[in-house]
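The following exercises concern strand order, helix geometry and helix packing. Please work through each task before reading its solution.

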Amino acid sequence: MIAAGWLSYRILKKPLPDYDGEVTALSLSRPVEVYRDSLAIPYIFAETEEDAAYALGYIHAQERLFQMDILRRAGEGKLAEILGNKVLPFDEMFLTIGIERVAKQIWNEEKPETKKILTAYSKGINDFIAANKNRLSIEFDVLDYSPAPWEPYHSLLIVRLMAWELNIAWWEDLTFTHIAQLLGKEKASKLFPRWEENNAGSTQDEVPQITAADLSLIQTDKAFRQFIGTTGTHLGSNNWVVNGSRSVNGKPIIANDPHLGLQAPGKWYIANIHVGNQNRAGVTLPGLPFIVIGKNDNISWTLTNIMLDDADFYVEVLNGQNSHYEVDGGQKPLKVLKYTRKVKDSTDAHIDVYLTHRGPVINKIHPLDKAYPAKEAANTAISMRWTGNDVSFECSSYFMLNKAKNWQEFQNAVSYFSVPGQNFVYGDIAGNIGYVFGGKLPIHDGEKAGFALDGTTSTNDWAGAIPFSEMPKFFNPEPGYIATANNKVDKAFPYYISNLWEPASRIDRIRQLLDSKQKFSVTDFYTMQNDIVSPYAVEMAGYIKKAFENVKIKDAALKESLELLDIWNHAFEKESQPPAIYAMWYKYMLINTFKDDLGEGLFNQFCFVANVPYRVMQNHLRQTDETLFDNINTPKIESRNDIIRKSLVDAITVLEKMFGKDTKQWQWGKLHTVEFKHFFSGESDVLDKVINIGPRPVDGDGTTIFNTEYPFDAGNNVLRPKQKSIFPNVLGPSMRYVYDFSEPDVFYITLTTGQSGNVFSPHYSDWTNKWLNGAYVKVRTDAKTAKMNSQVLRFIPGK
């Protein structure tokens with residue numbers, strides 16, 4: 001265990017990054033200046049793209065090097081080298097998935113101009129490392145290692161890691177195949193999330209048999225997400241734009257709040273980049289030399305997750321020697337890749353990865369959870385086909401977006417973007433607004449979606465991808481606005497995209513607010529992004545009320561709870577009692593409805609991707625079929641209303657045990673808190689108070705625009721088992737961005753934590769209160785204002 005006193009002493013002795021002074025850089029062509037304001041937002045002034053990328057690499061390393069290095073190591077499969085055997089399954093998982101393999105392939109085919117930018121960026125990182133070997137952040141000292149040089153392809157690796165984080169399609173097929181094997185396909189289909197404009201259900205006659213060990217990918221990936229601090233699964237976002245006719249200033253206004261795992265430091269780093277007479281600003285991902293979401297002199301762009309079903313699994317039949325697999329009556333050889341990885345305080349690990357023509361064999365990954373031993377079914381394997389294993393050019397797409405001047409150039413930039421599939425929403429200085437589907441959509445049979453496929457026939461293979469020209473696009477649509485919230489944006493689109501859309505609650509509320517008035521201001525968008533009213537809860541609370549109609553109630557607490565729910569405005573305010581009653585009822589509604597059928601393990605898997613139980617419960621309550629509400633472990637045949645009433649009684653019993661009978665004490669914020677956790681979190685309670693931010697009460701839930709997701713599954717965190725909250729907020733708006741084209745030199749933004757990853761920097765947590773309170777910072781991007789800041793770091797070309 002890390003000694004808190006020793007660590008605190010070492011941290012206090014560590015110098016903070018230099019925001020003033022001069023740096024000699026041999027690779028620069030011309031001088032570069034970096035001004036920083038009072039919140040450590042940098043303003044880079046360079047004459048060339050390469051010089052700007054160099055400076056951004058240097059300052060990313062100043063503030064976030066450890067964060068960047070941990071992600072790079074994860075993608076390379078080299079975490080065990082610094083953390084030991086306990087994380088070796090993560091290395092095995094990412095080597096199997098192939099993050100590093102595909103990043104190297106992309107580098108070999110990447111556009112020359114993008115290669116120049118990535119190379120310059122890596123030089124900036126490496127020059128910082130070389131000049132500050134004894135001044136790196138405390139994490140390197142604690143773990144007793146020095147970061148290796150940053151190679152240009154490592155940035156491509158970071159993009160693929162983000163694609164994996166935002167990919168939840170892999171979970172669907174494996175989980176629902178197991179559920180179908182347990183319950184039978186007919187009953188399992190009732191638990192499968194469907195949309196009326198998609199296929200009605202899988203047409204597979206039989207579900208291929210897979211073993212419990214085949215959940216090892218799910219178990220190991222869940223453990224990795226918990227370990228790295230990205231446990232939420234509402235991996236989506238909100239974005240919307242209105243045109244000039246719908247804004248008070250007569251120009252478009254655009255907004256975005258990406259929903260990602262909450263951690264310290266946060267995901268994003270704000271930057272303003274001036275290259276010659278071109279300016280761009282917004283948020284960057286440390287590890288990438290581009291504005292990912294933001295604006296330039298002509299356009300602004302924002303992103304949300306499409307929720308694309310971009311992964312399929314195949315049950316492969318092996319020959320007796322496990323060297324070949326069957327396809328169309330013939331045999332194809334398994335390709336074997338051999339890796340050796342160093343393991344701290346242990347011998348080297350030798351890892352074999354097996355590949356089919358579809359992709360890697362994933363059931364040889366060894367899970368952390370001993371409940372899922374890595375036993376392989378004789379003569380079978382599970383292979384994975386994922387778009388993330390195909391070569392594509394997201395870095396080139398970002399670079400082109402940063403420089404795009406109009407709708408045509410914007411579309412061209414998005415055409416290079418494949419994974420993770422994103423909804424690109426657009427506005428420009430000419431007053432136009434637009435939308436483009438940015439993602440590689442495989443051509444596969446949507447009617448077989450949701451289950452593992454038979455690998456012995458090539459008819460289940462993908463038949464290429466839908467051409468970009470056929471993807472959904474909107475330009476200046478009639479309503480005067482465009483909004484996305486991980487919903488199916490174009491319901492008339494003829495091709496299968498996904499069954500993993502988010503519940504309609506957020507998009508319904510966004511549209512409700514956008515339709516509520518004609519003209520909007522920046523402050524209106526602030527209010528919308530922080531809205532905590534749930535249309536989903538409106539519907540669910542209605543079922544509670546109906547279940548208790550004509551029921552004589554004697555219990556005082558039950559009566560008072562129903563009265564509170566009846567007058568509730570369905571806003572998830574942290575000081576309010578009805579959200580606590582409702583959320584606890586919903587938790588027990590899931591348990592009392594599904595757990596008897598699925599058992600502990602599969603129930604937790606079913607609840608892992610939170611949008612699934614949300615949607616399945618909603619669909620189930622809307623139907624007349626009540627068979628799934630019956631508890632198979634009791635002689636009575638329970639009805640829907642029986643389970644609704646029992647769940648509310650269970651919820652009240654728990655709340656009384658926690659807070660007493662006085663309902664005034666049942667405040668949502670006591671159950672629902674947010675804590676931004678450092679990578680070392682969980683080693684020591686004393687240390688946690690130093691390195692974590694929070695816990696703090698927080699508004700919202702998983703169905704509000706201000707999405708503050710909490711997990712439903714009861715699974716333990718294998719490596720970090722401590723949990724301080726009943727409904728811990730694990731995912732939410734990783735930043736909030738608003739831009740009004742009538743103010744071209746200004747944008748408005750909020751981060752979760754701060755710009756710095758250094759625990760004792762004043763900029764480690766100086767944004768958190770703003771995030772919690774719905775406040776924004778007005779960032780000016782013009783050169784005159786930027787150069788009024790007194791802190792300036794000058795980069796001088798060396799000789």
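**Exercise 1.** Which residue in β27 does Glu 22 stand opposite?

*Solution.* The model is a predicted one. Glu 22 faces Arg 794 of β27. The two strands concerned, β1 and β27 (residues 791–797), run parallel and are joined by 5 bridges.

**Exercise 2.** Determine which strands stand at the edges of the sheet.

*Solution.* Begin with the order, β1-β27-β2-β3-β6-β7-β8-β9-β16-β17-β19, in an open sheet of 11 strands with mixed pairing. β1 (21–25) and β19 (473–475) each have a single partner strand, so one side of each lacks a neighbour in the sheet. From one strand to the next, the twist averages 15°. Finally, place helix α2 (residues 49–76): this helix lies across β1, β2, β3, β6, β7 and β27, and runs at about 160° to β6.

**Exercise 3.** Compare the span of helix α18 with that of a straight helix, and locate its kink.

*Solution.* A straight helix of 31 residues would span 45 Å, at 1.5 Å a residue. Between its end C-alpha atoms, α18 (residues 578–608) spans only 25 Å. A kink of about 120° is centred on Gly 599. As to surroundings, 25 of the 31 residues of α18 are buried, so the helix is largely enclosed by the rest of the structure.

**Exercise 4.** Describe how helices α16 and α20 cross.

*Solution.* The axes of α16 (residues 535–547) and α20 (residues 640–659) come within 9 Å and cross at roughly 100°. The two helices are therefore roughly perpendicular. On the α16 side, the contact involves Tyr 543, Ile 544 and Ala 547; their partners in α20 include Arg 640, Ile 644 and Leu 648.

Definitions and conventions. Residues numbered from 1 in each chain as written. Predicted model: local features only at pLDDT ≥ 70, side-chain atom pairs only at ≥ 80, totals over all residues. Heavy atoms only, no water. Pairing = 2+ DSSP bridges. Helix = DSSP H or I, 4+ residues; strand = E, 2+ residues; numbered from the N terminus. Axes fitted to C-alpha atoms, helices over the stretch in contact; angles between N-to-C directions. Contact = heavy atoms within 4.5 Å. Expected span 1.5 Å × (residues − 1). Bend = angle between axes of the 7 residues up to and from the residue. Buried < 20%, exposed > 50% of the residue type's maximum accessible area, 1.4 Å probe, protein only. Parallel < 35°, antiparallel > 145°, perpendicular 65-115°, else oblique.
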